[in-house]
Amino acid sequence: MKKFCQNHYILAIFFSILYNNDMEKFCVAISSSGDLYTDERVNNSIFSIPVKYLDGKVFKSESIDNPSTYRKFYDKLRNGKLFRLRFPTKDGFGEFFDNLIEQGHTSIIYVATSSIISSDYDNAKKAAMESMIKYRKSEIYVLDSMCVGPQKGFIALKASSYRFTMNAAEAFITLKEEVASLCSFAVIYDYSFITRSGLVSENAVKGGEQLGIKPVLTVTSTGELTVYKKAKSEKNAIMSIIKYAEEHATDKTSFFVYSADNTRNELFAIKMLQEKFPGCSIKTGCAGMTNGILFAPNAIFIGFYAPRIRPETSKKPLKIYADIDKIPDET
């Protein structure tokens, strides 16, 4: 009996060590504008705080999981319907972080939109400081992704892959290096969607629409959104991105292509990448409602690891979030 108890005790220690080694060292969080499906978030223990859009008199949480709702949303957008967005406030982030900590997730990495483009980073940072004061044993790292759109989701998945091998501080340092070398380009369907930046005039928009000009936007090495190139036709715009990948990609095996409801040109982008980079892996997905509103219906996002474009000092940053960040809280 004594020997049985000793063996049982040894087994208990063994399984305890095994279990603790398998436990995640931190959790990953992101806003819904990172465009991850529910199963991607669940399978990778990624927690999401919703961005909301005003549909009629009701604010609804955006989602890429419901295809029929998604199509109706884009149909309305194409027909001139204007949607208002509500991004998480500092108080919203505070409640979100507090809930995660109370559920036992005391180490958190939040992947935020570029601090230059959006208030997402600043609001999350302030809320994180307050939550860590409230819960002394917690740690919350807010990562400036220096990007906007599906690239955030790509980074969140990368962050999740480190959960069992690194602690939060180690992963945060590693992710900052990842962020600095991950390029993302957006091919814009509707030229007029970038007029709010002041970068292009009404005359330029009219001329661009008549000529079929499609701007390609990218986020610079400092997190600013800028026009990378203007091409005649969407396919030429896509090819300009692939040419950049051929010349600059440091990893020619891993790409992502997200579409804001434009399957035809999404498939064209995938086909061209497969031809230029045989055997590469391509993560596909939907660019959700936030990105559809900001970048226009039919926008396509293509990303890969490469040195980012350096900002041109003569041009102002393209701050597409400036106006909609100021939407008042729901009453």
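In this predicted model, helix 9 (residues 234–248) and helix 10 (residues 263–276) have axes that come within 10 Å and cross at roughly 30 degrees. Angles under 35 degrees count as roughly parallel, and helix 9 is therefore roughly parallel to helix 10. From helix 9, the contact is made by Glu234, Lys235, Ile238, Met239, Ile242 and Glu246. Helix 10 contributes Asn265, Phe268, Ala269, Met272, Leu273 and Lys276. The crossing of helix 9 past helix 10 is right-handed.

Next comes a sheet. Its 4 strands follow the order 2-1-6-7, and the sheet is open, with parallel pairing. Strand 2 (46–49) and strand 7 (139–144) are at the edges; each has a single partner strand, so one side of each lacks a neighbour in the sheet. From one strand to the next, the twist averages 25 degrees.

The pairings can be followed across the sheet, starting from strand 2. Strand 1 (residues 27–31) runs parallel to strand 2, and 4 bridges join the two. Within this pair, Ser48 of strand 2 stands opposite Ile30. Two helices also pack on the sheet. Helix 5 (residues 120–134) touches strand 6 (107–112) and strand 7, and the direction of helix 5 makes about 170 degrees with that of strand 7. Helix 6 (residues 151–160) touches strand 1, strand 2, strand 6 and strand 7, and the direction of helix 6 makes about 170 degrees with that of strand 1.

Strand 6 deserves a closer look. Strand 6 pairs with strand 1 in the parallel sense over 4 bridges, and Ile109 of strand 6 is the bridge partner of Val28. Strand 6 is also joined to strand 7 by 6 bridges, and these two strands run parallel. Here Ser107 stands opposite Glu139 of strand 7. To get from strand 6 to strand 7, the chain passes through helix 5, making a right-handed β-α-β crossover.

How many residues of strand 6 are buried? The count is 6 of the 6, so strand 6 is largely enclosed by the rest of the structure. In a regular strand, side chains alternate between the two faces of the sheet. In strand 6, Ser107, Ile109 and Val111 are buried on one side, while Ile108, Tyr110 and Ala112 are buried on the other, and both faces are covered.

Two loop residues stand out for their backbone angles. Most residues other than glycine have a negative phi. Ser45, although not a glycine, has a positive phi of about 50 degrees. This serine lies in the loop between helix 2 (38–43) and strand 2. Is Ser45 buried or partly exposed? Its relative accessibility is 22%, so Ser45 counts as partly exposed. Met146 is not a glycine either, and has a positive phi of about 50 degrees. The loop that holds Met146 runs between strand 7 and helix 6. Buried means under 20% relative accessible area, and Met146, at 16%, is therefore buried.

Finally, Ser259 is placed in strand 11 (residues 254–259). With a relative accessible area of 4%, Ser259 is buried. Which residues are in contact with Ser259, leaving aside its neighbours within four places in sequence? They are Tyr70, Glu266, Gly285, Cys286, Ala287 and Ala299.

Definitions and conventions: Residues numbered from 1 in each chain as written. Predicted model: local features only at pLDDT ≥ 70, side-chain atom pairs only at ≥ 80, totals over all residues. Heavy atoms only, no water. Pairing = 2+ DSSP bridges. Axes fitted to C-alpha atoms, helices over the stretch in contact; angles between N-to-C directions. Contact = heavy atoms within 4.5 Å. Buried < 20%, exposed > 50% of the residue type's maximum accessible area, 1.4 Å probe, protein only. Right-handed = clockwise from strand over helix to strand, strands pointing away. Parallel < 35°, antiparallel > 145°, perpendicular 65-115°, else oblique. Left-handed = near helix turned anticlockwise from the far one by under 90°.
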